[in-house]
Amino acid sequence: MQHTGRVEKSTGSWYLVRYGEEQITCRLRGKMRLLDENSIPVTNPVAVGDFVEFEINEDGTGSIFEVKERKNAILRQATHGRRGIQILAANVDYGIAVQSVRQPALKEGFIDRFLVACEAYDVNPVILINKMDLAKTKDLDKVQELKDLYEKLGYPIITGSIDDSEFQASIKTLLKDATSVFIGPSGVGKSSLLNALDPDISQKTGEISTFSNKGKHTTTYAELFRLSFGGYIVDTPGIREFGLVGFKAEEIGHFFPEISTVLGNCKFYNCTHHHEPGCAVKEAVENEEISERRFKSYLNMLDTV
Ligand SMILES: Nc1nc2c(ncn2[C@@H]2O[C@H](COP(=O)(O)OP(=O)(O)OP(=O)(O)O)[C@@H](O)[C@H]2O)c(=O)[nH]1
Ligand SMILES: [Mg+2]
Ligand SMILES: [Zn+2]
């Protein structure tokens, strides 16, 4: 008998697939039909959030033989390409970039890369800044600046700390009845937030290293949870960087809303807004219509594709 189910956890060698009220431990069949994500070679062709066709064997384990067409998927290049290209989650409505204001320090570059990826992969991005209880005065100013900037660009940004009930309520409203994924560096509180939001979730959480102020990679595998108040959330292991995959230089500007609205006025149709004369984007940066920091993020991305 063939069944369709959703992959809720993957270790790379086995998969937990939802089957009614059960989770079936599955392996990939040697010869299986895989999707070709624009022919990008990924290290995990079957990802959490995927819908798969599988068969249940006599011993109760399952064999996955097909991955269903995806609505979307979030891909990233692991640091220095060491671990290749990964699919972080498939078939998601909201991609939530989780950062902490401190411990570990907030990285705007991470947010900007994540936003570009979401624009390209057709995922709705949300920015979540946690640990506001640790914020000093200058952090508060910076977070307010970020709020003004991203809200103007049309990106929702939610800030707060784990014990803040208003913060929790706004995350719940976002997650309810949708499929979302938390993506961010280790130690920002992704798993802690899930534990706080839903009493049925009990993810392991970790301390921050007092030496480096970084997390210790407590969550090791991505996992999809069914929320008791409706919806699905994928918790993922912390990632240091969000490397873009499969972008062309002249394409990136289209995924910055503030750049895409002016780039039609550049002298060259394939302007990369870097060295070209008659560049409307650089002009907009000089006139402070485009934030200099966002433009730096853009140039940074241009540098790495
Ligand atoms: N001060 C403060 N600490 C928090 C907050 N949220 C989480 N933490 C702490 O941050 C530490 C790391 O939390 P985790 O939930 O394990 O972080 P994570 O993002 O899941 O990390 P990885 O699984 O390694 O990717 C824990 O010690 C939490 O108690 C918060 O709002 N404020
Ligand atoms: Mg975690
Ligand atoms: Zn230009």
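User: Where does Thr11 lie, and why is Thr11 called exposed?

Analyst: Happy to start there, with the reminder that this is a predicted model. Thr11 sits in the loop that links S1 to strand S2 (15-19). Thr11 has 11 C-beta neighbours inside 10 Å, and a residue counts as exposed if 12 or fewer lie within that distance. The value of 11 falls under that cut-off, so Thr11 counts as exposed. From Thr11 to Asp93, 82 residues along in sequence, the C-alpha to C-alpha distance is 23 Å.

User: What makes Gly264 exposed but Asn265 partly exposed?

Analyst: Both belong to the loop between H5 and H6. Gly264 has 8 C-beta neighbours inside 10 Å, and the limit for exposed is 12 or fewer, so Gly264 is exposed. Asn265 has 13 other C-beta atoms within 10 Å. A residue needs 20 or more to be buried and 12 or fewer to be exposed, so Asn265, at 13, is partly exposed.

User: How far are Gly264 and Asn265 from the residues 15 places along the chain?

Analyst: The C-alpha atoms of Gly264 and Cys279 are separated by 9.6 Å. For Asn265 and Ala280, the C-alpha separation is 5.5 Å.

User: Which residues have a positive phi although they are not glycine, and how do you know whether they are buried or exposed?

Analyst: Two cases are Lys131, with a phi of about 60°, and His217, with a phi of about 50°. As background, most residues other than glycine have a negative phi. Lys131 is in the loop between strand S9 (124-130) and helix H2 (137-152), and 23 other C-beta atoms lie within 10 Å of its own. The threshold for buried is 20 or more, so Lys131 is buried. His217 is in the loop between helix H4 (190-197) and strand S12 (223-226). His217 has 14 C-beta neighbours inside 10 Å, a value in between 12 and 20, so His217 counts as partly exposed.

User: What makes the peptide bond between Gln103 and Pro104 cis?

Analyst: The omega of that bond is about 0°. Pro104 itself lies in the loop between strand S8 (94-100) and helix H1 (108-121). In general, most peptide bonds are trans.

User: How do you know that the buried residues of H3 are on the same side?

Analyst: The buried residues of helix H3 (residues 165-175) are Phe167, Ile171 and Leu175. They cover an arc of only 70° around the axis, so they sit on the same side of H3. This fits a general rule: an α-helix has 3.6 residues a turn, so residues three or four places apart point the same way. Ser165, Glu166, Ala169 and Thr173, on the other side of H3, are exposed. The cover over the buried residues of H3 includes strand S10 (157-159), strand S11 (179-183), H4 and strand S13 (232-235). After H3 comes Asp177, with a positive phi near 60°.

User: Which residues touch the most other members of the largest nonpolar core, and what is Phe114 in contact with?

Analyst: The core has 76 residues, and those touching the most other members are Ile74, Ala89, Ala97, Phe114, Val181 and Val281. H1 gives the most to this core, with eight residues. Leaving aside neighbours within four places in sequence, Phe114 is in contact with Gly95, Ala97, Pro125, Ile183 and Phe242. The cut-off for such a contact is 7 Å between C-beta atoms.

User: What surrounds ligand 1, and of which classes are the residues of the shell?

Analyst: There are 23 residues around ligand 1, and the closest are Gly189, Ser192, Thr205, Thr219 and Gly238. By class, 14 are polar, five are nonpolar and four are charged. The largest share of the shell comes from H4, with three residues.

User: What makes up the contact between domain 1 and domain 2?

Analyst: The protein is divided into domain 1 (2-67), domain 2 (88-235) and domain 3 (249-304). The C-alpha centres of domain 1 and domain 2 are 27 Å apart, and nine residues of domain 1 are in contact with ten of domain 2. On the side of domain 1 that touches domain 2, strand S1 (residues 2-10) gives the largest share, three residues. The residues of that side divide into three nonpolar, three polar and three charged.

Conventions
Residues numbered from 1 in each chain as written. Chains lettered and ligands numbered in written order. Predicted model: local features only at pLDDT ≥ 70, side-chain atom pairs only at ≥ 80, totals over all residues. Domains from an automatic or database assignment. Contact = placed C-beta atoms within 7 Å. Helix = DSSP H or I, 4+ residues; strand = E, 2+ residues; numbered from the N terminus. Nonpolar A, V, L, I, M, F, W, Y, C, P; charged D, E, K, R; others polar. Near = placed C-beta within 6 Å. Arc of directions from axis to C-beta. Core = buried A, V, L, I, M, F, W, Y, C linked by C-beta atoms within 7 Å.
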